[in-house]
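Open the model in your viewer and keep the selection panel at hand. The tour goes one selection at a time.

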Amino acid sequence: LPQEFTAALPILETITNAGFEAYFVGGSVRDMLLGKAIHDVDIATSAYPSEIKALFNKTVDTGIEHGTVMILDHGNGYETTTFRTETGYTDFRRPDSVSFVRDLAEDLKRRDFTINALAMRANGEIVDLFNGLEDLDKHIIRAVGDPVERFHEDALRMMRALRFSAQLGFVIEAATNEAIKGEAHLLVNIAVERINVELSKLLLGKAVAEGLMAFAQSGLYKYVPNIDMGRELDIVAAGLKLQGQILPDDATAWTYLIDQLGLSEDDAGSFLKAWKHSNDFIKQVKTAYHFIQLYRQQVTITKWELYQVGAALPIALAVLGLNFKSFDGDKYLTAYHSLVITNKRQLAIDGQQLIAAGVVKPGPKMGKILAKIEHAVVIGQLKNHLSDLLAYAEMLQSKGE
Ligand code: ATP
Ligand code: MG
């Protein structure tokens with residue numbers, strides 16, 4: 001067993017010694033069987049949350065109403081969830097009620113895909129009620145039970161199918177795939193944040209090309225924010241262009257998507273906002289996208305433009321590299337790294353010093369002078385030495401600029 005599991009064995013033992021059942025479940029079991037790195041080890045148990053809390057000193061109620069308690073042990077946290085069934089999905093996204101049960105089979109039945117419905121005992125034995133092992137072996141994503149019913153219960157599962165398919169390079173089984181096409185419209189019921197998580201994981205998948213094409217061809221793309229009907233071919237093209245390649249990080253992935261959709265810079269901002277990205281993320285992507293637009297419009301890239309794009313340069317270069325076969329990104333990186341300063345804080349002078357030297361008084365004027373100094377230093381017109389900067393500031397002041 002991988003170390004992540006052996007470290008958690010004492011927890012399973014504590015639960016089973018108290019007369020309950022406990023298993024490793026979900027992604028960690030799947031990833032171990034695939035020989036992949038494991039992140040979170042999740043535990044499923046017949047013990048009720050109150051019974052778990054009575055057994056361990058340190059627990060946190062992370063989702064106690066759904067039966068989840070986090071057990072803290074040697075600096076690790078283990079999400080431990082009571083076996084449960086879910087009933088009544090009137091809103092296509094979450095059960096009207098969950099009930100705790102003592103039977104593992106009931107719990108595995110409510111899980112999304114066969115490869116995610118495997119459980120493992122402390123001795124390494126796998127419980128496989130839905131042929132998940134065979135699907136793992138054959139690289140198949142298959143809904144547990146009737147796919148149409150399962151997507152009606154929770155429409156996010158359709159995006160999850162595409163996401164796992166892209167991450168693992170698995171094929172979506174025919175009936176599951178048909179159900180996605182038929183029920184795609186149900187995705188409108190799902191919170192944007194949750195769709196975002198799945199689309200972001202899809203974009204970083206090793207089979208992103210196929211994932212994007214499936215996103216287009218399934219029709220799911222029509223039921224997400226700010227992508228209009230009729231963009232199917234653009235998204236297919238985005239996939240085709242990526243064949244055999246991967247996107248390195250979220251910012252590059254979303255910049256790539258925006259670029260493929262051909263959004264204006266303003267629309268790019270509203271697009272990312274509609275998708276509920278953070279303001280920092282939006283700023284980073286917009287900065288990279290601005291640089292890409294300059295390049296596309298064949299604007300000469302000056303030192304000032306490189307300074308402006310700043311830390312977002314690698315994102316812009318990665319996206320340009322995907323678009324233009326003979327694009328030389330290193331040229332821009334080298335130029336960027338030879339800038340005298342890459343940040344305002346690296347100026348040999350600041351507002352305090354300007355005031356102390358008696359050149360300016362605090363106020364808007366000072367900001368303007370500093371901005372001019374910054375520009376002159378970046379474009380190499382002025383040395384970044386205190387005496388030069390002071391002299392320059394005095395000159396600007398005397399000319400009333
Ligand atoms: P990852 O490696 O991305 O975390 P994961 O399989 O662990 O993948 P999670 O979203 O962490 O995915 O969920 C853990 C487990 O909970 C899944 O393996 C699955 O069994 C179950 N699960 C999660 N979301 C759903 C859902 N929407 N419907 C049904 N079962 C789900
Ligand atoms: Mg997980």
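Start with ligand 1 in this predicted model. Select its surroundings: 15 residues make up the shell. Arg30, Asn116, Asp154, Arg157 and Arg163 are the closest of them.

Next, show polar contacts. Pick Arg30: one of its polar side-chain atoms is 2.7 Å from an oxygen atom of ligand 1. Move to Gly27. Here a polar backbone atom lies 3.4 Å from an oxygen atom of the ligand. Then go to Asp112, where the partner on ligand 1 is a nitrogen atom, 3.2 Å from a polar backbone atom of the residue. Now turn on the surface. On its own, ligand 1 has 590 Å² of accessible area, and the protein covers 78% of that. The site is the largest pocket, and ligand 1 sits in it.

Color by secondary structure. Which helix gives the largest share of the shell around ligand 1? It is α7, with four residues. Select α7 as 156–168 and α2 as 27–33; each supplies at least two shell residues.

Color the shell by residue class. You should find 10 charged residues, four polar and one nonpolar.

Last, color by domain. Select 1–133 for domain 1 and 139–246 for domain 2. Each domain contributes at least three residues to the shell around ligand 1.

How values were computed:
Residues are numbered from 1 along each chain as its sequence is written. Chains are lettered from A and ligands numbered from 1 in the order in which they are written. This is a predicted model: local features need pLDDT of at least 70, side-chain atom pairs count only at pLDDT 80 or more; totals for chains, interfaces and linings use all residues. Side-chain values use heavy atoms; hydrogens and water are left out. A residue is near a molecule or strand if one of its heavy atoms lies within 4 Å of it. A polar contact is a pair of N or O atoms within 3.5 Å; within protein, one must be able to donate a hydrogen and the other to accept it, and residues adjacent in sequence count only if both atoms are side-chain atoms. Accessible areas come from the Shrake-Rupley method with a 1.4 Å probe; for residues, only the protein chains shown count as cover. On a 1 Å grid over the protein atoms alone, a cavity is a set of points where a 1.4 Å probe fits but cannot get out, and a pocket is an open set with protein on both sides within 12 Å along at least five of seven lines; lining residues have an atom within 4 Å of a point. A molecule sits in a cavity or pocket if more than half of its atoms lie within 2 Å of its grid points. Ala, Val, Leu, Ile, Met, Phe, Trp, Tyr, Cys and Pro count as nonpolar, Asp, Glu, Lys and Arg as charged, and the others, Gly among them, as polar. Domain bounds come from an automatic or database domain assignment.
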